[in-house]
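Got your viewer open? Load the model below and follow along, one selection at a time.

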Amino acid sequence: MIILASQSASRRAMLDAAGVAYEALPARVDEAGVKAAMAGASPRDLSDALAEMKAVKVSANAGPVPVLGSDSIVALSDGTLLDKPESREEAAEHLARMSGGSHELWSAAVIAEHGRPVWRHVERAKLHVRPLSGAFIDRYLDQEWPEIAGCVGCFRIEGPGVQLFSRIEGSHFTILGMPLLPVLGYLRERGWMAA
């Protein structure tokens, strides 16, 4: 069994579907503080640092149990990083900014043992957003708010959020919030899952 340093529904669903035995514990890290301290860092490095912070924090009290931390960062083509929307109005602003453009989504996974990182993997997906009308954004938020309040990029790709895109490059799992296939490979390599 491993510990997932997250309460993310999509990350839990991925591990459930893959048959991974785990316990989910919230990491409760100051993500805003980390982002402020790392201002100017690449989205890749930021997602990696946040995933590591979550894994290490929970691992410090987990003894020999491996702890999986994961995080995702969305960067618009102009370099702007999007956070989780704090209100429906902010979600509408994010969607309007994303409309007709593309953005990168970086998802990192770090496994820690005894309070130290022992493995990491970061993947990138590129998502192309079709032009979105104001009427579509309103209807979409009528359907999806507040469920997407915890979603960077304001979408659940496994649900109506798929309607936002004209094309997607990269792993579906990465878009869901964790590079699952490399995680499973490492768990098998270490003998934590059947090979």
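Before clicking on anything, one cut-off: a residue counts as buried when its relative accessible area is under 20%. Keep in mind, too, that this is a predicted model.

**Stop one: S8.** Select S8, in the loop that links β1 (2–4) to α1 (9–18). Its relative accessible area is 18%, so S8 falls on the buried side of the cut-off. Now show the side chain: S8 reaches the backbone nitrogen of R11 at 3.2 Å.

**Stop two: L127.** Next, jump to strand β6 (residues 116–129) and pick out L127. Is L127 buried or exposed? With a relative accessible area of 0%, L127 is buried. What is L127 in contact with, leaving aside neighbours within four places in sequence? The list is G101, S102, H103, L105, F155, F165, R167, I168 and I175. Try a distance label on one of them: the C-alpha atoms of L127 and H103 are 5.5 Å apart, though 24 residues separate the two along the chain.

**Stop three: the whole chain.** Zoom out and colour by secondary structure. You should find 7 helices and 7 strands, running β-α-β-α-α-β-β-α-β-β-α-β-α-α from the N terminus. The C-alpha trace spans about 50 × 35 × 25 Å along its principal axes. A compact globule of 195 residues would have a radius of gyration near 16 Å, and the chain's 17 Å agrees with that.

Colour by burial next: 46% of the 195 residues are buried. Switch on the surface and you are looking at about 9,000 Å² of exposed area, with carbon and sulfur atoms supplying 50% of it. Last, select the charges: the mean positions of the 20 positive and 24 negative ones lie 3 Å apart.

Methods: Residues numbered from 1 in each chain as written. Predicted model: local features only at pLDDT ≥ 70, side-chain atom pairs only at ≥ 80, totals over all residues. Heavy atoms only, no water. Helix = DSSP H or I, 4+ residues; strand = E, 2+ residues; numbered from the N terminus. Buried < 20%, exposed > 50% of the residue type's maximum accessible area, 1.4 Å probe, protein only. Polar contact = N/O pair within 3.5 Å; in protein donor to acceptor, adjacent residues only side chain to side chain. Contact = heavy atoms within 4.5 Å. Rg over C-alpha atoms; globule rule 2.2 N^0.38 Å. Areas by Shrake-Rupley, 256 points an atom, 1.4 Å probe, with all protein chains shown as cover. Lys, Arg positive; Asp, Glu negative; His and termini not counted. Charge placed at Lys NZ, Arg CZ, Asp CG, Glu CD.
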